[in-house]
Amino acid sequence: MRQQTTKIPVSSIILDETIYPRKGIDHRRVGIFSENIRDGFTFDPIEVELAPDRPNMYRLLDGAHRWNAYKSTGAAEVEAIVKNLEGDDPLLYAAKKAIGPRQLTEEEARDTARRAYTGNSSLSSVDIGKAIGRARRTVDEYIADLRAVKLMDRNIKIFCMHRLGIPQDRMAKRLGMDQKTIHYHLGKMAAPPNSLNSDLSKGFTVAQVAQKHGWTDPMVWSLSLEGKSDRDRFRELGWGLRTWDKWEWNDCDKRFGDEWPGRIPAQLAAHILKYFSKPGDLILDPMAGGGVTPDTCLALDRRCWSFDMIDRLETRPEIEPFTWDTSSGQQLSWPVSSKEKPDLILFDPPYFDKKAADYDEKSISNLPKKEYLEFLETFFVLMKSNVKKKTRLAFINADWRDFQHTPASEEKYKSGILIDDYLDILKRTGWYHTHIIQAPMSSQRFNAGVVSAMQKKNILGVVSRYVIILNQEE
């Protein structure tokens, strides 16, 4: 049965090299086809599909040489079948069509197999082999190294999540694997750390070992520092231990956490863990952002459950996706149901109005002031019903004043949100502070030009930030 065809403009068709199985266009063949067209020869329709992210454009699935021939003859339209692959891999479909007139070369077959597997590792060797005209064993040889890397990548993810104390059922859901498979892999976890520890014992640095084996620095640190006390870990990491209630650093330790709006220094998270938790404790980070908290927990031998609205499965599998629904009338829900409760919650929310443009539009930073404070109040109430009686809360936030265009003498009481406002909400919801620690932000974020303009207008800027430690006992 002949498939339905339609005429589409030649100019609306593109050759997408990511799904083209051959190394290039055979221009001699295009020349022959061009002559055939001029002589009135009729070709089978080409096959296309709608191009992703390119409105009113089509990408070729079959017929690259015919399409080039039509272009060379100046044809305005071409007869085409518009396909809907319904989830089938477009590269393998194009490969299967390509081997009709002539087999793919060895180089083309190998390259297509590797590209297909890289794009979708769930494809079997049989599926790939059928598309490129090769036996399963041949495909196995083509992609053996890719499979090994994929397996190592999966093992690294499992090792990281296991190290942070994420239960196997949640690991399986997060990685799209069967729980029995997770259990099997965990049983094989002794070998990878051994090879890293061997390199560390030979004097290689953590950074060198991480690069060699494709691990992150925090994961290698978790191995390197195993069995050491918190004080020794601080010493090895080069973090001077602050003994007083003022914790100040000019920059973030770039080994821990990703570049992220409002990123806190790992040194700050580490001091909270050092003073208000112990090794093996469960830490919960409800708004994990760039991952400073889980990274620091790896280095300090704490378990950590972390959540964020931005899902980064490939680079941050340990941060589980969760969005705090701030819709009007919606009740907040807790991100996880578990019999085990955290020992410490490290809560560093996006600050009101600061860097709001850099966050997702659903971020609480974008809420109006009244709704921002209402969210915090609801959150603190919800937290009490989902933690232990002895769970501590480390709440990090800063004074907010709309100082950008206002001289200090003209600022009004109701125009800001100060630490007093947060303390009032916390006390009202049954959380009582035991420590208020100054952790000022670096003034280096203000360049010389901004500072000069502020001084001329008598504007007093904000670098204040506080770590408020609380529990549920008055």
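In this predicted model, D301 is located in the loop that connects α14 (292-299) with β7 (303-308). The phi angle of D301 is near 60°, a positive value in a residue other than glycine. Most residues other than glycine have a negative phi. With a relative accessibility of 40%, D301 is classed as partly exposed, because that class covers values between 20% and 50%.

A second aspartate with a positive phi, of about 60°, is D53, likewise not a glycine. D53 is part of the loop between β3 (46-50) and β4 (58-62). The relative accessibility of D53 is 78%, so this residue counts as exposed; the cut-off for that class is over 50%.

Turning to the interior, the largest nonpolar core comprises 94 residues. Within this core, the residues with the most contacts are F380, L393 and F395. Helix α15 (residues 369-384) supplies the largest share of the core, namely eight residues.

The surroundings of F395 were examined individually. When residues up to four places away in sequence are not counted, F395 touches F347, P349, L376, F380, Y422, L426, Y466, V467, I468 and L470. One of these partners, F380, is itself among the residues with the most contacts inside the largest core.

Another core, of 22 residues, lies apart from the largest one. Its members include I19, L104, I132 and Y142.

Terms used: Residues are numbered from 1 along each chain as its sequence is written. This is a predicted model: local features need pLDDT of at least 70, side-chain atom pairs count only at pLDDT 80 or more; totals for chains, interfaces and linings use all residues. Side-chain values use heavy atoms; hydrogens and water are left out. A nonpolar core is a set of buried Ala, Val, Leu, Ile, Met, Phe, Trp, Tyr and Cys residues joined through side-chain atoms within 4.5 Å. Buried means under 20% relative accessible area, exposed over 50%, partly exposed in between (1.4 Å probe, protein chains only). Helices (H or I, at least four residues) and strands (E, at least two) are DSSP runs, numbered from the N terminus. Contact means heavy atoms within 4.5 Å.
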